[in-house]
Structure formats: C-alpha cells, structure tokens
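This report describes selected residues and helices of one protein chain. Please read it alongside the sequence and the structure shown here.

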Amino acid sequence: MAKKEKKGYDSNKKYVFSKSMDEEEFEREKGKRNSHQIKYKLRAVSEVIKELRTNAETGEIDHTYDKIKSMRTSKDPSKQAVTLHYDRAAKFNSNGKDVLVFQMAGSGFTHFRADYIDHKLKGNISGFSRLMEWLRKIGNSIVSLFSDKPVMTKIQELEEMKFGTGYQVVDKNGTKAEYVRKKETFTEVENPKGKKRVARKVNISIAGTRNMGGSSNSGKYSIHKTRKYIKFIGKKYLKKILREAELNHTDPKNLEIPIVLKSHSRGAVSAIEGAMMLNHWLSQQYGGKYKDCVKFDLIQYDPVPGLGSRHGVNERVNILEEEGKTIEQSGDQMKALGLKAETTVVYGLHDNHSTGFTPQVVNGAKRVIITPFEHSSGFKGKDKKTNDEEHHFRAYIDAETGEAYRNTGLSELPPGVYMVDEMDNLIRMKSKEEVHKAVEKITERIHGRTLLGFNKRQEDRYNVILEAADSCFDRIDMEKKMEQEKAAKSEPEKTEKKDDNFDEIEIEPII
C-alpha cells in the first residue's frame with residue numbers, strides 16, 4: 001500500500017562535520033590510507049596529488065586542499081555546515097515532478113542498499129548481531145549454490161517490509177521474478193504561486209543474480225533478464241504518462257519525465273543497458289517527439305559484468321553513440337542515452353578479487369569518479385564524518401567548493417573526472433595526463449610480477465578506468481567546442497551603420 005510522505009527533499013539541508021580539527025590533526029589524518037590501500041600497498045591519493053601539483057623548479061605550490069583545509073580546521077561551526085546534495089528522486093518530487101526509480105542490486109543481493117550492513121538502519125548493530133549476520137550469510141551462500149532464489153537475511157527482511165510484493169514481472173513462460181519489487185510514495189508540494197500538488201515516486205527494486213553464489217550470470221536476475229525488466233516496467237510507466245499527454249495536447253516542451261537509476265556491479269551493467277533499451281523503444285514508438293522529455297539520471301558503481309560475460313556492450317558501452325544508431329546485444333536493441341542524460345560512473349581503483357572483476361568501459365560519461373576502494377567503490381561503510389543519528393552512505397566533499405555529495409547527489413557534481421582521497425575529498429583532475437600519472441603513482445608499489453606472472457587482472461582494471469576517464473575529457477572538450485560554435489552562430493553580423501543624424505555631403509578639397 002502506498003503511503004504519503006510527510007516530508008520531501010530539504011533543499012536547505014546541511015552536512016555538518018562531527019568536529020573541527022586543528023592543523024596538526026588534519027595533516028596527520030589526511031595522509032592516512034584505508035585498510036584496503038594498506039593491504040594492497042597503494043599510495044595515499046592526497047600524497048600523490050600534492051606531488052603532481054607541486055613544482056620546486058618553477059615555484060608552483062599546490063593549492064588543492066586550501067579551501068577544504070580552512071573549512072575543516074575552522075573553529076567557527078557555521079563554516080563546517082556545508083550544502084549537501086543527496087537524493088535526486090526526492091528532489092524531483094519536491095519540484096512537483098513524478099519520478100520512476102530503479103535500484104539495481106549487485107550479484108548475490110536482493111536490494112541495492114539494504115544488503116550492505118548498517119545502511120538505512122538507525123543505531124548500531126552489536127558485535128553479536130554482526131556475528132550472527134555473518135553466519136547467516138555463509139549458510140545462505142551454501143543454499144544459493146543450488147537455487148537462484150535470493151535467501152533473506154535479517155537486514156534484508158527489514159528492508160523487505162518497506163517494499164511491497166504487488167509488482168511482479170512474469171515472462172512469457174509464466175516464470176515470476178519475485179524480487180522485482182515496487183514501493184510508491186507521495187509527497188505534497190506547493191509551487192511559488194501557492195498551488196498544491198501531490199508528486200509520485202515509483203521505486204522499483206531489482207535483485208542481482210544468486211546462481212552459484214552470485215558468480216554465475218544466469219537465471220531470473222541475470223544481466224540479460226534484468227535489463228528487460230527495466231524496459232518492461234519503463235514502457236508501462238511511460239505509456240500511461242504519454243497517453244495522457246497526447247489526450248491533453250501537452251506541448252512536449254512542457255513535459256519532463258525523470259527516470260533515476262542507481263546501481264552496483266552487474267546491476268550497474270543492467271541499468272545502463274536497460275535504460276538504452278527503453279530509450280530505443282521510445283524512439284521507435286514516438287520518433288523524436290518525446291526524446292527530450294525523458295530525463296535519464298544514472299549512477300553506476302563499479303559496473304562489472306562478471307566472468308564469462310564481458311563481451312559486446314557488457315564490455316564497452318558508449319553513452320554518446322552516433323544519433324540514430326541501433327546497438328544490439330544478444331537480440332536486444334538499444335539506443336545511446338546522449339548528451340542530455342545525467343551519467344556518472346564510480347570505479348574502485350584496485351580490486352581484491354582473484355578473477356572476473358574487470359569493469360565495463362563506460363565511454364562518454366558526464367562524470368567519472370575514481371575511488372581508492374575495491375569493488376564496493378566506497379559505499380560499503382557508513383559515514384563517520386558527521387554526527388547524523390542515521391547511518392548513511394559516505395558523503396564526499398568537493399575540495400573546490402566545499403559542498404558535500406552523497407549517493408545519487410553525485411549527479412549534481414560539475415562534469416569532469418574526479419579522484420577520491422583518504423578523507424573522502426573529491427579532487428577534480430585537470431587533464432588526461434594528470435589522471436594517468438596519478439593512477440601510475442598510486443599503484444606503483446604493486447606493479448610487477450606475481451607468482452602467476454604479470455598482474456594482468458589489475459592492469460585490465462586500470463586500463464578500463466583510464467579509457468573511461470579519457471573519454472570523459474573528450475566529451476567535455478566536445479561540448480565546449482559545440483558551445484563555442486553555437487555562440488558564434490548566434491552573434492549578429494557586424495555591419496557598418498550609417499549615421500542618420502547627418503546627410504551625406506561632398507567635401508571639396510581645400511586649396
């Protein structure tokens with residue numbers, strides 16, 4: 001049953017640091033590496049950034065951390081309360097827009113968020129509870145070897161109470177996908193003129209594959225299946241809205257239909273491909289009439305297709321594929337999302353799996369964020385930098401502006417390539433060359449040969465990240481060029497104007 005939310009998106013919400021730090025403490029904390037970095041001998045990101053941006057010969061000094069350092073070390077509490085960019089779907093609702101949300105879980109999980117311990121739960125989980133959860137997961141893994149039905153854990157059950165069971169996808173063979181779940185919420189909003197409206201949010205949760213403990217891309221929750229679920233549900237949602245628009249003779253210029261997709265791992269591969277399938281259907285069904293009305297807002301956390309599945313679009317996808325081109329993958333037709341889509345891909349720099357975890361190359365993304373974490377890309381642990389009573393995803397702080405970004409709020413970052421350091425600061429990279437040098441220096445301690453020869457699996461991951469980053473820079477350059485050409489065309493032609501205040505006369509030469 002749908003419920004009416006009492007509170008919508010708070011545009012004035014602030015992110016408040018838990019405490020101020022003196023300069024000495026800040027310098028000490030800034031250089032720390034997380035446990036993953038220490039285990040795999042990765043250098044501290046902040047250390048590398050400072051090294052790259054300081055030149056003793058020219059006297060160039062690094063100012064990357066000046067603003068964030070001033071903010072963190074300030075004794076003035078007001079300077080430690082910064083703007084927080086968070087839930088994009090709630091923000092659309094607060095602006096009076098209905099929104100469709102897809103939460104795409106990674107392999108072995110039933111939900112995008114709930115399966116990661118502490119998330120969306122109030123208070124702490126005791127050590128005993130953690131132990132029981134760990135034992136339960138081991139048991140579930142054994143059971144899942146013989147079944148593709150996700151087994152519920154205690155934390156998952158809490159989330160399951162929030163998602164109804166009324167929305168089920170049934171394929172042509174009559175097979176039900178039980179873990180495609182729907183939840184609806186309604187938020188009452190008021191426009192500047194005082195007119196009230198109830199904005200609707202349809203939240204769809206889609207599980208990741210559970211076959212072979214999540215290692216097999218097969219069954220009801222494989223990439224091939226779940227991307228079809230996105231298209232099926234998206235079609236049903238859009239048809240109703242566009243039918244009403246046709247009946248009411250709504251001008252497409254006045255129609256905005258946001259679709260938010262947040263996704264991880266195989267779910268992230270499904271998310272972009274499902275969105276592209278839906279985009280292809282939209283163009284086939286309506287031509288170009290509504291192409292600018294549907295606003296795709298996509299964030300992918302470490303899109304990994306998995307062992308044996310990295311081929312075709314699963315291996316490499318281009319968000320800016322040429323206009324009108326149909327992309328095919330295993331019989332499914334897709335169309336690139338284009339420049340107007342909000343696209344953000346978050347990669348983990350160095351993974352801790354032995355094989356099968358090379359990510360999908362996402363070319364043409366509006367933002368590429370490189371984190372010093374593994375496949376979880378940093379959202380595995382709760383945010384410890386704030387005194388907020390609820391346990392949230394970690395928030396990243398833009399070192400340039402001091403503003404905080406959490407979860408789908410990353411889609412509000414200015415376009416560009418970013419690296420995340422040990423203190424969860426977002427450092428905007430200046431060029432392709434700087435990104436390549438940074439990745440090389442951060443990982444230089446682990447380059448070389450292992451017992452099995454060259455560390456190919458990590459090299460492949462680095463190459464994927466660098467290709468995606470390069471492509472993001474290419475997109476930015478292309479958009480700048482397009483803006484310049486547009487501005488040049490819009491400038492009026494310069495012509496000499498005749499002075500209308502005087503008649504033309506002949507001036508006789510003075511003798």
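Ser-78 counts as exposed because its relative accessibility is 51%, where exposed means over 50% relative accessible area, buried means under 20% and partly exposed lies in between, with a 1.4 Å probe and protein chains only. Ser-78 sits in the loop that runs between α4 and β3 (81-85), with helices (H or I, at least four residues) and strands (E, at least two) taken as DSSP runs and numbered from the N terminus. Although 62 residues separate Ser-78 from Val-16 in sequence, their C-alpha atoms are 8.8 Å apart in space.

This is a predicted model, in which local features need pLDDT of at least 70 and side-chain atom pairs count only at pLDDT 80 or more, while totals for chains, interfaces and linings use all residues. Residues are numbered from 1 along each chain as its sequence is written, and side-chain values use heavy atoms, with hydrogens and water left out.

The chain as a whole contains 11 helices and 22 strands, and buried residues make up 50% of its 511 residues. Of the contacts (heavy atoms within 4.5 Å) in the chain with a separation of 6 or more, 73% are accounted for by residues 24 or more positions apart.

The table sets Ser-78 beside three other residues.

| Residue | Location | Relative accessibility |
|---|---|---|
| Ser-78 | loop between α4 and β3 (81-85) | 51%, exposed |
| His-249 | loop between α8 (223-247) and β9 (257-264) | 72%, exposed |
| His-280 | helix α9 (residues 266-286) | 7%, buried |
| Asn-407 | loop between β18 (404-406) and β19 (416-420) | 9%, buried |

Leaving aside residues up to four places away in sequence, His-280 touches Thr-326, Gln-333, Met-334 and Lys-335. His-249, which is not a glycine, has a positive phi near 55 degrees, and Asn-407, although not a glycine, has a positive phi of about 55 degrees.

Helix α4 (residues 66-73) has Ile-68, Met-71 and Arg-72 as its buried residues. Seen down the axis of α4, these fall within an arc of 95 degrees, so they line one face of the helix; the arc is that of the directions from the helix axis to the C-beta atoms. In α3 the buried residues are Val-45, Ser-46, Val-48 and Ile-49, and because they cover an arc of only 160 degrees around the axis, they lie on the same side of α3. An α-helix has 3.6 residues a turn, so residues three or four places apart point the same way.

How do α3 and α10 meet, and at roughly what angle do their axes cross? The axes of helix α3 (residues 45-52) and helix α10 (residues 432-442) come within 10 Å and cross at roughly 130 degrees, the axes being lines fitted to C-alpha atoms over the stretch in contact and the angles running from 0 to 180 degrees between N-to-C directions. That makes α3 oblique to α10, since angles under 35 degrees count as roughly parallel, over 145 as roughly antiparallel, 65 to 115 as roughly perpendicular and the rest as oblique. The contact is made by Val-45, Val-48, Glu-51 and Leu-52 of α3 together with Glu-434, Lys-437, Ala-438, Lys-441 and Ile-442 of α10. These residues divide into five nonpolar, no polar and four charged, with Ala, Val, Leu, Ile, Met, Phe, Trp, Tyr, Cys and Pro counted as nonpolar, Asp, Glu, Lys and Arg as charged, and the others, Gly among them, as polar.
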